[in-house]
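Here's a quick walk through a model you have in front of you. Have a look at the fold before reading on.

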Amino acid sequence: MENNETHIIQRILRGETALYEYFLNQHGQQVFSLIARIICNQEDAEELTQDVFLKAFQYLSSFKAESSFSTWIYSIAYNTAISATRKKKFDTFAMDDTLLANISDQQVDETLNDESEEMIIRLNRAIEKLNSDERALITLFYYEEKSLNETALILGLTESNAKVKLHRVRKKIYVLIKQEEV
C-alpha cells in the first residue's frame, strides 16, 4: 500500500495532478473526523479539511516517505486544527495534578469500560470539555485506532510522552464523568 502511495506521489509530482484525488478519497473522511473532534465545529472542520489537503498538495514534494502518507497528512491536520483553536478562545477544563494522582487506574477502567448508552453520552460530553490537544490524542488513539507510536508521531511527541498524556487524559475524563453524576 505505502509503496503504491509513493508511486502515486511520484506520478503527481511529474504532473499527473488528477491522481491526487486518490488521497482525498483514501484519507479525506479520517482527516475531517480528526479535525471535527479537535475543533468541535462541522463547518470549520470542512473548511480546515480542504486547507489540509491543499497544504499537503503544495508541500507534496517535501514528503520523504519516512512515515506513511496517512501519518504525514494527520500531522498536517493536527497542526492546522490546533492553530485554528488557538485563534479562538475555548473554555476547557483545567484540573489539579494531585486530584488525578489520587485516582486509581482500576476506577478509571471500570468507569470507562461501561458501554451503556448513558455512559457513552457522558463520555462524549466529557471529551468535549478537554482541550484541543487532549481531544486530538483521544481521537487518534481510540477513535481512529492509531498505534501509540503513530499517535506520538502525528502529535510530535515521544511515545513515552504520549503514553503519559493518554494516561492523564483518561483520568481527567473519569473526573469529568464523576462530576456530572453529582
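Counting the contacts in the chain with a separation of 6 or more, 67% are between residues 24 or more positions apart. This is a predicted model, by the way. On secondary structure, there are ten helices and zero strands, so going along the sequence you just read α-α-α-α-α-α-α-α-α-α. The C-alpha trace spans about 60 × 30 × 30 Å along its principal axes.

How much of the chain counts as buried? Of its 182 residues, 42% do. The chain exposes about 10,600 Å², and 48% of that comes from carbon and sulfur atoms. As for charge, the chain has 21 positive and 29 negative ones, and their mean positions are 5 Å apart.

Now pick out Ala81, which you'll find in helix α4 (residues 69-87). Is Ala81 buried or exposed? Its relative accessible area is 0%, and with the cut-off for buried set at under 20%, Ala81 counts as buried. If you set aside neighbours within four places in sequence, Ala81 is in contact with Ile35, Ile38, Ile39 and Leu48. Two of those partners, Ile35 and Ile38, belong to a stretch covered by α2 (21-39). Ala81 can also be set against Ser132: the two sit 51 residues apart along the chain, yet their C-alpha atoms are separated by 8.2 Å.

Next, the aromatics. Searching the whole structure turns up nine aromatic pairs. In one of them, the ring planes of Phe63 and Trp72 meet at 55°, with the centres 5.2 Å apart, so this pair is tilted rather than edge-to-face, a label that needs over 60 degrees. Phe63 and Trp72 are both buried. Another pair is Phe141 with Tyr142: here the planes are at 90° and the centres 4.9 Å apart, so the pair is edge-to-face. Phe141 is partly exposed, with a relative accessible area of 24%, and Tyr142 is partly exposed too, at 37%.

Here are those two pairs together:

| Ring pair | Centre distance | Plane angle | Arrangement |
|---|---|---|---|
| Phe63 and Trp72 | 5.2 Å | 55° | tilted |
| Phe141 and Tyr142 | 4.9 Å | 90° | edge-to-face |

Which residues do ring pairs link into a cluster? They are Tyr20, Tyr22, Phe23, Phe53, Phe57, Phe63, Phe69 and Trp72. So the tilted pair of Phe63 and Trp72 belongs to that cluster. Over at Tyr143, there's a charge to look at: the charged end of Arg37 sits over the ring of Tyr143, 3.5 Å from its centre.

Last stop, the backbone. Most residues other than glycine have a negative phi. Cys40 goes the other way, with phi near 60°. Where is Cys40? It lies in the loop between α2 (21-39) and α3 (42-58). Cys40 is partly exposed, with a relative accessible area of 45%, a value that falls between the 20% and 50% cut-offs.

Glu145 also has a positive phi, about 55°, although it is not a glycine. Glu145 lies in the loop between α8 (132-143) and α9 (148-155). Its relative accessibility is 67%, and since exposed means over 50%, Glu145 counts as exposed.

Definitions and conventions: Residues are numbered from 1 along each chain as its sequence is written. This is a predicted model: local features need pLDDT of at least 70, side-chain atom pairs count only at pLDDT 80 or more; totals for chains, interfaces and linings use all residues. Side-chain values use heavy atoms; hydrogens and water are left out. Rings of Phe, Tyr and Trp (its six-membered ring) pair if their centres lie within 6.5 Å; planes under 30 degrees apart count as stacked, over 60 as edge-to-face and the rest as tilted. Buried means under 20% relative accessible area, exposed over 50%, partly exposed in between (1.4 Å probe, protein chains only). A charge sits over a ring if NZ of Lys or CZ of Arg is within 6 Å of the ring centre and within 35 degrees of the ring normal. Helices (H or I, at least four residues) and strands (E, at least two) are DSSP runs, numbered from the N terminus. Contact means heavy atoms within 4.5 Å. Accessible areas come from the Shrake-Rupley method with a 1.4 Å probe; for residues, only the protein chains shown count as cover. Lys and Arg count as positive and Asp and Glu as negative; His and the chain ends are not counted. The place of a charge is taken as NZ of Lys, CZ of Arg, CG of Asp or CD of Glu.
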